Amino acid sequence: MNSYRWTKRIGLAGLAFLAAIAVFVTAVSIMDVRVAGVYPEAFRLTAMMTAPFTLGLVVVTTLATALVETLRRFRRRPAGA
């Protein structure tokens, strides 16, 4: 039985999203290049300022998916089971 199949997928997608942001900010900072006229310090600052929101978005989305899957699982059970 694949329990919480969608929760795992969304959790992994969220972690991939966070990893992509971290890799981009790290690469721009190490190479010390300006992207579209924006200095690397601005990318680091933006990543640090929005980190609570992006982490919270991933956590809330994953927990909401787990809740939906749990509710759907309980609704499918027969009354006497």
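Helices are taken here as DSSP runs of H or I spanning at least four residues, numbered from the N terminus. In this predicted model, tyrosine 4 accordingly falls in the segment before helix 1. Tyrosine 4 is not a glycine, yet its phi is positive, at about 55°. Most residues other than glycine have a negative phi. With a relative accessibility of 30%, tyrosine 4 counts as partly exposed.

The packing of two helices is considered next. Two packed helices are described by the angle between their axes and the distance between the axes. For helix 1 (residues 5-31) and helix 2 (residues 40-76), the axes come within 9 Å and cross at roughly 175°. Angles over 145 degrees count as roughly antiparallel, and helix 1 and helix 2 are therefore roughly antiparallel to each other. On the side of helix 1, the contact is made by Arg5, Trp6, Thr7, Ile10, Gly11, Gly14, Leu15, Leu18, Phe24, Val25, Val28 and Ser29. These residues meet Pro40, Phe43, Arg44, Ala47, Thr54, Leu55, Val58, Thr61, Thr62, Thr65, Ala66 and Glu69 of helix 2. By residue class, the contact of helix 1 with helix 2 comprises 13 nonpolar, eight polar and three charged residues.

Several residues of this contact can be described individually. Threonine 7 lies in helix 1 and, at 12% relative accessibility, counts as buried. Apart from residues up to four places away in sequence, threonine 7 touches Thr62, Thr65, Ala66 and Glu69. Between threonine 7 and phenylalanine 24, which are 17 residues apart in sequence, the C-alpha to C-alpha distance is 26 Å. Leucine 18, also a residue of helix 1, is buried with a relative accessible area of 18%. When neighbours within four places in sequence are left aside, the contacts of leucine 18 are Thr54, Leu55 and Val58. A distance of 10 Å separates the C-alpha atoms of leucine 18 and leucine 57, although their positions lie 39 residues apart along the chain when counted from one to the other.

Charged side chains were examined in helix 2, where glutamate 69 is found. Glutamate 69 is buried yet takes part in no salt bridge. The nearest side chain of opposite charge is that of arginine 73, 5.5 Å away, whereas a salt bridge requires a side-chain nitrogen of Lys or Arg within 4 Å of a carboxyl oxygen of Asp or Glu. Beyond its neighbours within four places in sequence, glutamate 69 is in contact with Tyr4, Arg5, Trp6 and Thr7. Among these partners, tyrosine 4 belongs to the segment before helix 1, while threonine 7 is part of helix 1.

The structure holds one salt bridge. Arginine 44 forms a salt bridge with glutamate 41, and their closest N and O atoms are 3.7 Å apart. Arginine 44 and glutamate 41 are three residues apart in helix 2, so that about one helical turn separates them. Arginine 44 is partly exposed, its relative accessible area being 32%. Glutamate 41 likewise counts as partly exposed, at 44% relative accessibility. Arginine 44 is also among the helix 2 residues that meet helix 1.

A positive phi is found in the connection between the helices as well. Aspartate 32 is located in the loop between helix 1 and helix 2, and its phi is about 55° although aspartate 32 is not a glycine. Aspartate 32 is exposed, with a relative accessible area of 53%.

Definitions and conventions. Residues are numbered from 1 along each chain as its sequence is written. This is a predicted model: local features need pLDDT of at least 70, side-chain atom pairs count only at pLDDT 80 or more; totals for chains, interfaces and linings use all residues. Side-chain values use heavy atoms; hydrogens and water are left out. Axes are lines fitted to C-alpha atoms, for helices over the stretch in contact, and angles run from 0 to 180 degrees between N-to-C directions. Angles under 35 degrees count as roughly parallel, over 145 as roughly antiparallel, 65 to 115 as roughly perpendicular and the rest as oblique. Contact means heavy atoms within 4.5 Å. Ala, Val, Leu, Ile, Met, Phe, Trp, Tyr, Cys and Pro count as nonpolar, Asp, Glu, Lys and Arg as charged, and the others, Gly among them, as polar. Buried means under 20% relative accessible area, exposed over 50%, partly exposed in between (1.4 Å probe, protein chains only). Lys and Arg count as positive and Asp and Glu as negative; His and the chain ends are not counted.
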